[in-house]
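Student: I've got a protein chain open on my screen, and I'd like to know where the labels come from. Can we go through them together?
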Amino acid sequence: MERIDKAALNALQPPDVRNESSLASTLKTLLFFTALMITVPIGLYFTTKSYVFEGAFGMSARDSYFYAAIVAVVAVHVVLALFVYVAWNEGSRQWREGKQD
């Protein structure tokens, strides 16, 4: 009888608010890094191609395409590394908070 009462009480309790805020925080982080993944490499590609390699260094268009692509690929890797770092720290923070309860 007591088991049924505990189960009924658990079913009537509202969902865990901390879990929902954690999900929202994770979604915000994912969307932020998605935007970075799109804008940073493309922006760096065209900026370095036009202003750095062709403008400052005086390279040909063909050479500047190549080096600007290398800069964009490095930028993708930096954004991915930052995402992994932030996700790792967020997960360990949530684990520590859950551990203290």
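Tutor: Sure! Keep in mind that this is a predicted model. The protein chain has three helices and zero strands, and from the N terminus on they run α-α-α.

Student: Where does Ser 50 sit in that?

Tutor: Ser 50 belongs to helix α2, which covers residues 17–56.

Student: Why is Ser 50 called partly exposed?

Tutor: Its relative accessibility is 36%. Buried means under 20% and exposed means over 50%. Ser 50 falls in between, so it counts as partly exposed.

Student: And how much of the chain counts as buried?

Tutor: Buried residues are 14% of the 101 in the protein chain. The chain exposes about 8100 Å², with 68% of that coming from carbon and sulfur atoms.

Student: What separates Ser 50 and Ser 64 in space?

Tutor: Their C-alpha atoms are 8.0 Å apart, and along the chain the two residues are 14 positions from each other. For the whole chain, take contacts with a separation of 6 or more: 63% of them link residues 24 or more positions apart.

Student: Which residues carry the "transmembrane region" label, and how do you know?

Tutor: That label comes from UniProt, in an unreviewed entry, and it covers residues 27–46 and 66–88. Such annotations may be inferred rather than shown by experiment. In the model, residues 27–46 are 100% helix and 0% strand, with end C-alpha atoms 29 Å apart. Residues 66–88 are also 100% helix and 0% strand, and there the end C-alpha atoms lie 33 Å apart.

Terms used
Residues are numbered from 1 along each chain as its sequence is written. This is a predicted model: local features need pLDDT of at least 70, side-chain atom pairs count only at pLDDT 80 or more; totals for chains, interfaces and linings use all residues. Side-chain values use heavy atoms; hydrogens and water are left out. Helices (H or I, at least four residues) and strands (E, at least two) are DSSP runs, numbered from the N terminus. Buried means under 20% relative accessible area, exposed over 50%, partly exposed in between (1.4 Å probe, protein chains only). Contact means heavy atoms within 4.5 Å. Accessible areas come from the Shrake-Rupley method with a 1.4 Å probe; for residues, only the protein chains shown count as cover.
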